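Q: I would like to go through this chain before setting anything up. Could we take it topic by topic?

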Amino acid sequence: MCRQVSILAGAICALLFSTVTSAHHGATSLYDVKKETTLKVTITEFTWTNPHVEVGIASVEDKSARWLLELGSPPNISNRGWTAKSLKPGDVVTVTFNPGLRGMRIGRLLKVVLPDGKELLA
């Protein structure tokens, strides 16, 4: 019985360790970094939190086409002019991003062009 508990505990630790180590991923594991997509979109959400800021978007042309885009951490993107109020739901902007691999509706945000022409780089 003790041996079975030890094996089970070891398996759980291995699973947890593998989940933690894969949580901080490289861009090439999730995104097609050789491809850039540019779309006019409506912001559906803007989440200013660690470890990554997230931006939900919906295509202006096809409202059912939605993605969740990832940026760096708040301290890192703050150095590029971003603030917690840079975007808000309902804003219509142009985004450029690396799309997700295998058709996943995720992406790595590269640039946002605001209605006034100001660019925010990720």
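Q: To begin, how many helices and strands does the secondary structure of the chain come to?
A: This is a predicted model, and its chain has 3 helices and 6 strands.

Q: In what order do the elements run from the N terminus on?
A: The order is α-α-β-β-β-α-β-β-β.

Q: And what is the mean pLDDT of the chain?
A: The mean is 85, with 78% of the residues at 70 or more. Over residues 5-11, however, the pLDDT is below 50, and this stretch makes 0 contacts beyond near neighbours in sequence.

Q: What about residues 13-24?
A: There the pLDDT stays under 50 as well, and the model has 1 contact beyond four places in sequence for residues 13-24.

Q: Turning to the interior, how many residues are in the largest nonpolar core?
A: That core holds 20 residues, and those with the most contacts inside it are Val55, Ile57, Trp82, Leu87, Val95 and Val112.

Q: Which elements give two or more residues to this core?
A: They are β1 (37-47), β2 (54-59), β3 (66-70), β4 (92-99) and β5 (106-113).

Q: Which residues does Val112 touch, leaving out those up to four places away in sequence?
A: Val112 touches Trp82, Leu87, Val93, Thr94, Val95, Lys118, Glu119 and Leu120.

Q: What share of the chain counts as buried?
A: Of its 122 residues, 30% count as buried. The accessible surface comes to about 7,700 Å², and carbon and sulfur atoms account for 59% of that surface.

Q: Lastly, what percentage of contacts with a separation of 6 or more join residues 24 or more positions apart?
A: The figure is 54%.

How values were computed:
Residues are numbered from 1 along each chain as its sequence is written. This is a predicted model: local features need pLDDT of at least 70, side-chain atom pairs count only at pLDDT 80 or more; totals for chains, interfaces and linings use all residues. Side-chain values use heavy atoms; hydrogens and water are left out. A nonpolar core is a set of buried Ala, Val, Leu, Ile, Met, Phe, Trp, Tyr and Cys residues joined through side-chain atoms within 4.5 Å. Buried means under 20% relative accessible area, exposed over 50%, partly exposed in between (1.4 Å probe, protein chains only). Helices (H or I, at least four residues) and strands (E, at least two) are DSSP runs, numbered from the N terminus. Contact means heavy atoms within 4.5 Å. pLDDT is the predictor's confidence in each residue, from 0 to 100. Accessible areas come from the Shrake-Rupley method with a 1.4 Å probe; for residues, only the protein chains shown count as cover.
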